2 protein chains.
Amino acid sequence: MARRAPRHAEAERNDQALLEAAKKVLAVDGAHASVATIAARAGVGIASLYRRYRSKDELFQHLCALSLDQWIQAAERGLRHDDPWEGLAHYISACIEFSGGSLGPLAGTIAVTDEMAAKFTRSDELMHDLVARAHAAGALRSDATAMDISLLIEQVGKSPLIEQLDRQGRTDLIDAAHNARKRTIAIALDGLRSGHPRLPGTAPTPALLAERWEHSPTDSTRSPGRS
Amino acid sequence: MARRAPRHAEAERNDQALLEAAKKVLAVDGAHASVATIAARAGVGIASLYRRYRSKDELFQHLCALSLDQWIQAAERGLRHDDPWEGLAHYISACIEFSGGSLGPLAGTIAVTDEMAAKFTRSDELMHDLVARAHAAGALRSDATAMDISLLIEQVGKSPLIEQLDRQGRTDLIDAAHNARKRTIAIALDGLRSGHPRLPGTAPTPALLAERWEHSPTDSTRSPGRS
DNA sequence: TCCAAACGAAGCGAATTTATCCGTTTGGAG
DNA sequence: CTCCAAACGGATAAATTCGCTTCGTTTGGA
C-alpha cells in the first residue's frame with residue numbers, strides 16, 4: 001500500500017498493549033475500571049484507545065471475544081491429551097490461570113455480541129466433550145457435572161488475594177500468592193477425582209451460567225479494526 | 001433512666017439494620033460501596049449512619065470486628081466437635097457462608113484498629129488448634145497447612161456468581177447459586193482429606209495473609225456507641 | 001522535504017461520593 | 001394531655017471521578 005501507514009507498527013503495538021492492560025486492570029479494579037487507568041497502564045494516551053474502539057464497552061466486548069478464544073484453545077488442547085483426566089486437569093488449570101477472573105465482573109454490564117454468543121456456545125460444547133470423556137474413563141467423580149466444574153473455574157479464577165496484592169503493588173508477594181493458588185487448584189482437582197462420597201444437593205442447571213450474561217442485546221457486531 | 005431515650009428502641013433497630021446492610025452491600029459492590037447505598041438498603045437516612053459512626057471507615061472497622069467475632073465463634077464451635085474432621089469441615093463451611101467475602105475487598109483500604117488486630121490473633125490461634133487436631137487425627141491431608149485452608153476459605157467465600165445475581169436482583173436464581181456453591185465447598189473438602197498425592201510447590205507463609213491488612217495504622221479505638 | 005496518520009494529554013459536562021445541616025417526627029416523663 | 005430532647009430523613013455543599021472529545025505535536029515512508 002502506497003501512502004497508508006506512516007506509524008502503523010506503533011499502532012499495532014499499542015493495540016496489543018491496550019488489550020493486555022485492559023485485562024489486567026479489569027481483573028484488579030473490577031467492572032468499574034476506568035479508561036484512563038487502562039490507557040495509563042498500557043503507556044498510551046486515551047485517544048489511542050478511542051481511535052480503535054468507539055466506546056469503553058466495545059473494548060470490553062473485544063476482550064471477551066479474545067478470552068473466549070483462549071478458552072476454546074485450552075479445551076481443544078485438553079481434548080488432544082491421551083489421558084482424559086490429564087486433559088481435563090490441564091484445561092481447568094489453564095482457564096484459571098490465564099483468565100484471571102477478568103470476565104466475571106463484566107457479566108451483565110456489557111451487551112453480548114453475536115460473536116461472543118457463538119464462541120461461548122463452541123466453548124461450551126468442547127468442554128462438555130472434555131467432561132464426558134473424563135466421566136467415561138472413570139477418572140472424574142460421576143456426580144460432578146460440567147456446570148460444577150465451570151463454577152469451580154470461575155470461583156478460583158478470581159483470587160481476592162492476588163488482586164489486592166496487585167492493587168497495592170506488592171510485587172514481592174505475588175509469586176508466593178500464585179504458588180499458593182496452585183495449591184488450592186490442586187486441592188480442588190483432588191476433590192474432583194473418583195472415590196469420594198456423593199455431592200450434596202442437586203446438580204446446578206445450565207441456566208445459572210447462561211442467564212448471567214443477559215443484558216440489553218443491542219446490535220454491535222463491528223470488528224475493532226482501525227478507522 | 002429518667003429522660004434519656006425517647007426513641008432509643010428505633011435507634012437500636014436501625015443500628016442493626018445498618019450493619020446488616022453494610023455487610024451485604026460490601027459483598028455486592030466491593031470496597032467502593034457508597035454510604036448512600038448502605039443507608040438506603042438499611043431503610044434509614046444517611047444521617048442515622050453518621051450519628052453512630054464518625055466516618056465510613058469507622059463503620060467498616062466496626063463491621064470487621066463483628067465478623068472476626070463470628071470467625072472466633074465458629075472456631076470455638078468447631079473445637080467442641082468430638083470428631084476433629086467434622087469440626088474443621090463445619091468451621092470451613094460456616095466461614096465461607098456467613099462471611100460472604102465481605103472483608104476481603106476491604107483489606108488495605110481501612111486502618112487496622114487494635115481491637116481488630118487482637119481478634120485476628122485470637123482467631124488465628126483457634127484455627128491453628130483446629131487444624132492441628134485434624135492433622136493429629138490423620139483426617140486432614142498432612143501437606144495442607146492452616147494457610148492453605150485460610151486461602152481456600154477466602155477464595156470460595158467470595159463468589160462472583162452470587163454477587164452478580166445479587167446485583168441484578170435475580171432472587172429466583174440465588175438459591176440455586178448457593179446450592180451450587182455448597183457443592184464446590186464439598187469438592188474442596190473432599191480434596192482436603194487424607195489420601196491424595198502431594199501438593200505442588202511449598203507451603204505459603206503466614207506473611208501472605210498478615211501483610212495484606214497493612215495500612216496507615218492510625219489510632220481509632222472508639223466504640224461505636226451513641227453520641 | 002513533506003504531510004497524513006498516529007500520538008498524548010488537557011479539558012468538558014455529567015454523574016458520584018462523603019459528610020453536614022436543618023426542618024420534622026416521636027414517645028415517655030410530668 | 002403537653003412538652004421537648006432525642007432521633008429521624010433527605011436536600012445539599014464541595015470535591016472527585018467518569019467517559020469521551022478536541023487539539024496541537026510527533027513521526028516515518030514516499
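Mentor: Let's start with one word: a residue is near a strand if one of its heavy atoms lies within 4 Å of that strand. This is a predicted model, and with that cut-off we can look at the DNA.

Trainee: Which part of DNA strand D lies within 4 Å of the protein, sugar or phosphate on one side, or bases on the other?

Mentor: Both do, but 64% of those atoms belong to sugar or phosphate, and the rest to bases. On the protein side, 28 residues surround DNA strand D, and the closest are Y50(A), K56(A), N14(B), S48(B) and R51(B).

Trainee: Why can N14(B) be said to make a polar contact with DNA strand D?

Mentor: A polar side-chain atom of N14(B) lies 2.5 Å from a phosphate oxygen of DNA strand D. The cut-off for a pair of N or O atoms is 3.5 Å, so this pair counts as a polar contact. S48(B) passes in the same way, because an N or O atom of its side chain is 2.8 Å from a phosphate oxygen of the strand. For R51(B), the value for a polar side-chain atom and a phosphate oxygen is 3.0 Å, so this is a polar contact too. The elements giving two or more residues to this surface are α3 (46-52) of chain A, and α1 (8-29) and α3 (46-52) of chain B.

Trainee: Which element gives the most to the surface near DNA strand D?

Mentor: That is α3(B), with 5 residues. By class, the surface has 12 nonpolar, 6 polar and 10 charged residues.

Trainee: And what surrounds DNA strand C?

Mentor: There, 27 residues do, with N14(A), S48(A), R51(A), Y50(B) and K56(B) the closest. Sugar or phosphate accounts for 68% of the strand C atoms within 4 Å of the protein.

Trainee: What makes the pairing of V35(B) with DNA strand C a polar contact?

Mentor: Here a polar backbone atom of V35(B) is 3.0 Å from a phosphate oxygen of DNA strand C. That is within 3.5 Å, so the pair qualifies. S48(A) and R52(A) use polar side-chain atoms, at 2.7 Å and 2.8 Å from a phosphate oxygen of the strand. Both values are within 3.5 Å and therefore count as well. α3(A) supplies the largest share of the surface near DNA strand C, 5 residues.

Trainee: Now for chain A itself: where are its domains?

Mentor: Domain 1 covers 9-52 and domain 2 covers 57-213. Their centres, taken over C-alpha atoms, are 25 Å apart. The contact takes 12 residues from domain 1 of chain A and 18 residues from domain 2 of chain A.

Trainee: How many salt bridges join domain 1 of chain A and domain 2 of chain A?

Mentor: The count is 1 salt bridge.

Trainee: Why is the pair D166(A) and K24(A) called a salt bridge?

Mentor: The side chains meet at 3.3 Å, N to O. A Lys nitrogen and an Asp carboxyl oxygen need to be within 4 Å, so the pair earns the name. Between the two domains there are also 3 residue pairs in polar contact, both residues at pLDDT 80 or more. On the side of domain 1 that touches domain 2, α1 (8-29) and α3 of chain A each give two or more residues. Of these, α1(A) gives the most, 7 residues.

Trainee: What area is buried between domain 1 of chain A and domain 2 of chain A?

Mentor: About 1300 Å², of which 68% comes from carbon and sulfur atoms.

Note on methods: Residues numbered from 1 in each chain as written. Chains lettered and ligands numbered in written order. Predicted model: local features only at pLDDT ≥ 70, side-chain atom pairs only at ≥ 80, totals over all residues. Heavy atoms only, no water. Polar contact = N/O pair within 3.5 Å; in protein donor to acceptor, adjacent residues only side chain to side chain. Helix = DSSP H or I, 4+ residues; strand = E, 2+ residues; numbered from the N terminus. Nonpolar A, V, L, I, M, F, W, Y, C, P; charged D, E, K, R; others polar. Domains from an automatic or database assignment. Contact = heavy atoms within 4.5 Å. Buried area = accessible area lost by both parts, 1.4 Å probe.
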